[in-house]
Amino acid sequence: MIVASRLSDGRVVFLTPSKQWIENIQFGVLAVGPDEGERLLQAGRKAEAANQVVEAYLITVEISAGTRRPTDWRESIRACGPTVRTDLLTSTD
């Protein structure tokens, strides 16, 4: 599947079958085979050119009990949220 960072707010997003970007990995489109992966990557590059996202790239996911999870540790953190308690962050304003 394709992951990127949304340009407007920096959130991690996944490409959907309708070429939209969504924060929930469960609704991203899965690439089956290298040709499909390349086609989806091209859609990601178009979104980059349109200043919708940055750094669109392919990731590998596994499906267990109907739930998708990235196989790479870094991507798991990006897909599942921060590893720090955001309620304890302080503002510098």
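Let me start with helix H1. At 1.5 Å a residue, its 16 residues should span 22 Å, and the end C-alpha atoms are 22 Å apart, so the expected and the computed span agree. I should say straight away that this is a predicted model.

Staying with H1, which of its residues are buried? They are Gly37, Leu40, Leu41, Ala43, Gly44 and Ala47. Looking down the axis of H1, these buried residues fall within an arc of 155°, so they line one face of the helix. The other side of H1 carries exposed residues, namely Pro34, Asp35, Lys46 and Ala49. As for what covers the buried residues of H1, the cover includes strands S1, S2, S3 and S4, the last of these being residues 53-58. Just after the helix, asparagine 51 takes a positive phi of about 60°.

Now the chain as a whole. The protein chain has two helices and six strands. From the N terminus on, the order is β-β-β-α-β-β-β-α. There are 93 residues, and 32% of them count as buried. Taking contacts between residues at least 6 apart in sequence, 44% join residues at least 24 apart. The chain exposes about 6,300 Å², with carbon and sulfur atoms supplying 52% of that area.

Next, the strands before H1. S1 and S2 pair in the antiparallel sense, over three bridges. Valine 3 has phenylalanine 14 of S2 as its bridge partner. The hairpin of S1 and S2 has five residues between the strands, and glycine 10 there takes a positive phi near 80°.

S2 also pairs with S3, again in the antiparallel sense, over two bridges. Here leucine 15 stands opposite tryptophan 21 in S3. This hairpin, too, has five residues between its strands, and lysine 19 in the turn has a positive phi of about 65°.

Which way do the side chains of S2 point? Val12 and Phe14 point one way from the strand, Val13 and Leu15 point the other way, and all are buried. So Phe14, the bridge partner of valine 3, and Leu15, opposite tryptophan 21, are on opposite sides of S2, and both are buried.

That leaves the charged pairs. How many salt bridges does a search of the whole structure find? The count is four. I will go through three of them.

Aspartate 9 forms a salt bridge with arginine 6, with the closest N and O atoms 3.0 Å apart. Aspartate 9 is partly exposed, at a relative accessible area of 43%. Glutamate 23 also forms a salt bridge with arginine 6, and there the closest N and O atoms are 2.6 Å apart. Glutamate 23 lies in the loop between S3 and H1, while arginine 6 belongs to strand S1, so this pair ties together parts that are 17 residues apart in sequence. Glutamate 23 is partly exposed as well, with a relative accessible area of 40%. Arg6, Asp9 and Glu23 are thus linked in a network of salt bridges.

The third pair is glutamate 38 with arginine 45, whose closest N and O atoms are 3.5 Å apart. Glutamate 38 counts as partly exposed, at 39% relative accessibility, and arginine 45 is also partly exposed, at 38%.

Note on methods: Residues are numbered from 1 along each chain as its sequence is written. This is a predicted model: local features need pLDDT of at least 70, side-chain atom pairs count only at pLDDT 80 or more; totals for chains, interfaces and linings use all residues. Side-chain values use heavy atoms; hydrogens and water are left out. A salt bridge is a side-chain nitrogen of Lys or Arg within 4 Å of a carboxyl oxygen of Asp or Glu. Buried means under 20% relative accessible area, exposed over 50%, partly exposed in between (1.4 Å probe, protein chains only). Helices (H or I, at least four residues) and strands (E, at least two) are DSSP runs, numbered from the N terminus. Two strands pair if DSSP finds at least two bridges between them. The expected span of a helix is 1.5 Å times one less than its number of residues. The arc is that of the directions from the helix axis to the C-beta atoms. Contact means heavy atoms within 4.5 Å. Accessible areas come from the Shrake-Rupley method with a 1.4 Å probe; for residues, only the protein chains shown count as cover.
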